[in-house]
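Subject: A structure for you to look at

Hi there,

Here is the structure I promised to pass on to you. Have a look at it first, and then read on for what turned up in it.

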Amino acid sequence: MSLALVGCGGGGGGSTAPVAPTPSPAPAPAPTPAPAPSLPVVDASPVAVADPGSPLQAGWEYGATMQIFVRSYADSDGDGMGDLRGLTARLDYLKDLGVKGLWLLPVNRSQDGDHGYAVADYRAIEPAYGSLADFDELIRQAHARGIGVTVDYVMNHSAGTHPAFVNAKDGAANPFRDWYVWANPAPSGWSVFGGNPWRSTANGAYYAPFWDQMPDWNLLNPAVVAYHLDNQRFWLNRGVDGFRFDAVGNLVENGPAAWLNQPRNYTLMQQMQALAAGYTRRTIVCEAPDDPQGFAASSACGSAFAFGLQGQIINAARGQASAIQKVSDYFSTAPASMATFLSNHDAFAGERPWDQLGGNVAQLKMAAATLLLLPGRPFVYYGEEVGLGGAQLPDDGRLRSPMGWTANAVNAGFTSGTPYRALATNVLTANVQTQSADPASLLAHYKALMALRNGSPAVARGAYVAPFVSGQVMGFQRTLGTERVLVLLNYGGAVANVDVAALPAGASLISGFPAAGVGTSADGTGHARIDLPAQSVRVFQVH
């Protein structure tokens with residue numbers, strides 16, 4: 001596999017996750033060993049809790065979070081690559097859009113020079129992105145706008161150039177050898193993601209299924225777990241609002257048929273969740289494509305990406321009846337903490353929605369409305385709000401092209417120089433400048449929906465009640481305290497007249513979306529007949 005394809009840990013397999021046992025206290029880690037004088041020093045210094053507090057509103061994570069690849073978002077210095085100062089300069093745009101959180105792909109110093117998942121230093125910033133001072137300023141400026149900042153944390157593997165692995169490769173006697181997964185000779189009979197995960201060297205084989213330069217940590221070693229907890233405290237103490245954990249299904253291996261979703265993975269993530277919970281209003285979310293609901297449980301991460309749902313939302317937007325039913329059913333059983341999304345930086349999760357839906361703006365609007373009105377923690381991949389498509393690039397690079405800010409065919413307003421990567425094929429129309437001038441644009445649609453979610457606690461955090469499907473119409477209610485909201489989505493290409501039940505008798509239905517919508521009322525039995533234009537969304541406050 002190419003580096004671009006395996007850059008982000010996750011996916012693969014298909015085994016059923018076991019029930020996680022009750023976690024037991026981790027044994028005290030051994031003292032950090034000292035490397036030989038000729039080998040690099042490993043910074044595994046302990047970090048104590050120093051919670052700076054949080055200026056964010058409780059429940060901020062249930063607003064929309066924008067997933068941002070810093071390298072492709074905004075360039076401040078003209079070198080053709082995005083950076084932290086460029087992102088900071090775009091925070092007013094994100095606030096105006098209605099974003100309540102950011103998820104940054106890895107910003108640590110990395111070996112790969114692109115996606116960042118080969119972490120070479122867990123306590124330093126990628127030099128192309130700027131400095132720790134730039135990062136601190138981003139946090140300060142985001143918080144001033146009521147926006148939380150989640151950063152990617154890669155606990156499954158490190159870079160091959162990480163000082164601990166450089167030590168580990170020195171030989172079996174090196175004190176850091178047991179910080180990684182080694183065997184001598186290399187085991188046989190293994191196949192992970194279609195390949196042999198064992199990488200042979202002159203003094204043993206190490207386990208690295210994603211890339212030979214991404215060796216897996218030995219997370220059965222208490223010293224390694226303690227190291228990662230200290231790294232997380234380093235960032236939490238600086239004001240980071242949470243972590244997105246990469247590849248949590250792959251943390252521990254127990255044999256060639258037991259390398260995915262092992263019981264220890266769940267208890268490890270419960271430790272990480274407990275650490276974040278010890279700080280003010282911090283949160284985590286996990287990437288676990290093979291068991292999203294298992295890892296979303298409180299006995300593991302507490303939140304995980306709703307893999308599988310994203311494809312059903314896209315198909316529902318196409319009007320596919322079976323997908324509409326599956327979307328309707330999802331939150332009847334799934335935890336309300338699921339992190340919902342339409343696409344992300346990895347092709348295995350699906351192409352960008354613009355490409356999946358063939359540029360059909362009406363369908364894109366339906367997908368966006370579904371994402372932002374369902375329960376869960378909605379994540380929007382950067383550029384999705386303007387319909388950014390893929391670039392003419394191989395592998396995952398096509399999903400990670402520069403953001404479209406202007407209709408400039410050379411640089412899209414992303415940089416004053418030459419973009420480091422090809423632009424999206426539709427950037428002349430899929431850009432903020434063009435769509436900001438159009439009240440009927442996809443961007444305006446996202447902005448209106450985010451404002452609705454931000455203004456309605458029931459939509460953001462309420463219960464999911466009375467779901468139904470009638471033909472190509474999906475409806476449900478969201479309730480929190482005394483607030484009740486009715487949501488109706490007509491995915492079909494024709495006007496639909498639907499009978500809505502389970503309303504309070506004689507209730508008034510006041511239109512909340514679209515802004516020019518007309519209200520109605522329920523009869524004495526709690527029913528209302530409502531006309532829905534083709535491919536439309538209606539939201540009513542129920543009183």
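Before the helices, one convention: angles under 35 degrees count as roughly parallel, over 145 as roughly antiparallel, 65 to 115 as roughly perpendicular, and the rest as oblique. Please also keep in mind that this is a predicted model.

**Helix α12 and its partners**

Let me begin with helix α9, residues 309-317, and its packing on α12. The two axes come within 8 Å and cross at roughly 135°. That angle falls outside the parallel, antiparallel and perpendicular ranges, so α9 and α12 are oblique to each other. Their crossing is right-handed. On the α9 side, I313, I314 and A317 make the contact, and they meet Q363, M366, A367 and T370 of α12. Sorted by class, the residues of this contact are five nonpolar and two polar, with no charged ones.

Helix α12 itself covers residues 361-373, and it also packs against helix α14, residues 442-455. Here the angle is about 15° and the axes are 10 Å apart. The angle is under 35 degrees, which makes α12 roughly parallel to α14. This crossing is right-handed too. From α12, the contact takes in L364, K365, A368, A369, L371, L372 and L373; from α14, it takes in L442, H445, Y446, L449, M450, L452 and R453. Of these residues, 11 are nonpolar, one is polar and two are charged.

Does the length of α12 fit its residue count, and what span should we expect? At 1.5 Å a residue, its 13 residues should span 18 Å, and the end C-alpha atoms are indeed 18 Å apart, so the two values agree.

How many of the 13 residues of α12 are buried? The count is 10, so the helix is mostly covered. The buried ones are Q363, L364, M366, A367, A368, A369, T370, L371, L372 and L373.

A368 is a good residue to click on in α12. With a relative accessible area of 0%, A368 is under the 20% cut-off and therefore buried. Setting aside residues up to four places away in sequence, A368 touches L342, H445, Y446 and L449. You can also compare A368 with M450: they are 82 residues apart in sequence, while their C-alpha atoms are 9.9 Å apart in space.

**Helices α6 and α7**

Another pair to look at is helix α6, residues 222-236, with helix α7, residues 263-277. They pack at an angle of about 30°, and their axes are 11 Å apart. Again the angle is under 35 degrees, so α6 and α7 are roughly parallel to each other. The crossing is right-handed. V225, L229, Q232, R233 and L236 of α6 make the contact with L268, Q271, M272, L275 and A276 of α7. By class, that contact has seven nonpolar residues, two polar and one charged.

L268 sits in α7, and at 0% relative accessibility L268 counts as buried. Beyond its neighbours within four places in sequence, L268 is in contact with L219, V225, L251 and V252. By contrast, P504 lies 236 residues from L268 in sequence and 45 Å from it in space, C-alpha to C-alpha.

**Backbone details**

Most residues other than glycine have a negative phi, and most peptide bonds are trans. Here are some places to check with that in mind.

- N184 and P185 are joined by a cis peptide bond, with omega about 5°. P185 is in the loop between β6 (182-183) and β7 (198-201).
- The bond from F513 to P514 is also cis, with omega near 0°. P514 is in the loop between β17 (508-513) and β18 (520-521).
- D395 is not a glycine, yet its phi is positive, about 55°. D395 is in the loop between β12 (377-381) and α13 (432-436), and at 24% relative accessibility D395 counts as partly exposed.
- A466, again not a glycine, has a positive phi of about 50°. A466 is in strand β13, residues 463-470, and is partly exposed, with a relative accessible area of 33%.

Happy exploring, and do write back with any questions.

Best wishes

Note on methods
Residues numbered from 1 in each chain as written. Predicted model: local features only at pLDDT ≥ 70, side-chain atom pairs only at ≥ 80, totals over all residues. Heavy atoms only, no water. Axes fitted to C-alpha atoms, helices over the stretch in contact; angles between N-to-C directions. Helix = DSSP H or I, 4+ residues; strand = E, 2+ residues; numbered from the N terminus. Left-handed = near helix turned anticlockwise from the far one by under 90°. Contact = heavy atoms within 4.5 Å. Nonpolar A, V, L, I, M, F, W, Y, C, P; charged D, E, K, R; others polar. Expected span 1.5 Å × (residues − 1). Buried < 20%, exposed > 50% of the residue type's maximum accessible area, 1.4 Å probe, protein only.
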